[in-house]
Amino acid sequence: MNSSRRPTGWLSQLTLTDDNGETVGGVIDHRLTRRALINEFRRGRLRREQLCDAHPDLVRAAKNFGDATGVKCPICVQDNVALVTYVFGPRLPSHGRCITKPHELEEFRQLAQHTEQQRNTEYSTDQSSSITYTAYVVECCRSCRWHHLLRSLPMATAPKSDTESTRRRSRR
Ligand SMILES: [Zn+2]
């Protein structure tokens, strides 16, 4: 089920759910909530200011590091939304670490899987606390500041797909 449907953009590797919105490999998809919000907006029950209030840091991240998409913003329908990923986990800031370079995500994934393997050997009975790093993918419109959490996924349990064949050594 590991299709690379969206060839452009390095964040597309996080697109792990299929078009039916099913949960795959621990990924939680928030698209239903998103659709509900958009419906409320179109029915006039939510105002634009209630939806388009992205934090300046998020808008800045979307402009500078965001992964461009071909998806039109559902609110202003002028600009395309950009995807921004934050990683939460041990020794990271409480507001998460914004992923600014493609290799950072891969490094976190490897770190998470390494930690996971260690935990599995040391505390094999305790699976619930084994999630160490979680990535949150947020969509953000750089024009009207619409934003919404798209999905969250534990990095250590993400399907390995073809990371072996595409693995690159990061040089320091
Ligand atoms: Zn917009």
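These are my notebook entries on a predicted model of a protein chain.

**Confidence.** I looked up the pLDDT before anything else and found a mean of 77 for the protein chain, with 70% of its residues at 70 or more. Residues 1–22 stay under 50 throughout, although the model gives them 38 contacts beyond four places in sequence. I noted a further stretch, residues 158–172, where the pLDDT is below 50 and where the model has 11 contacts beyond near neighbours in sequence. Where pLDDT is low, the predicted coordinates should not be read in detail, so I leave the particulars of such contacts alone.

**Core.** I then turned to the largest nonpolar core, which has 29 residues, and listed those with the most contacts inside it: Leu 58, Ala 62, Val 84, Val 138, Cys 140 and Met 155. At least two residues of this core come from each of helix H3 (56–64), strand E3 (80–88), helix H4 (102–122), strand E5 (134–141) and strand E6 (147–154), and E3 supplies the largest share, six residues.

**Helix H3.** Which residues of H3 are buried? I found Leu 58, Val 59, Ala 61 and Ala 62, and they lie on the same side of H3 because the arc they cover around the axis is only 160°. On the face turned away from that buried side I recorded the exposed residues Pro 56, Asp 57, Lys 63 and Asn 64. I also checked what covers the buried residues of H3, and the cover includes E3, strand E4 (97–98), E5 and E6.

**Ala 62.** Setting aside neighbours within four places in sequence, I list Ala 82, Val 84, Cys 140 and Arg 142 as the contacts of Ala 62.

Note on methods: Residues numbered from 1 in each chain as written. Predicted model: local features only at pLDDT ≥ 70, side-chain atom pairs only at ≥ 80, totals over all residues. pLDDT = per-residue confidence, 0-100. Contact = placed C-beta atoms within 7 Å. Core = buried A, V, L, I, M, F, W, Y, C linked by C-beta atoms within 7 Å. Buried ≥ 20, exposed ≤ 12 C-beta atoms within 10 Å, placed from the backbone. Helix = DSSP H or I, 4+ residues; strand = E, 2+ residues; numbered from the N terminus. Arc of directions from axis to C-beta.
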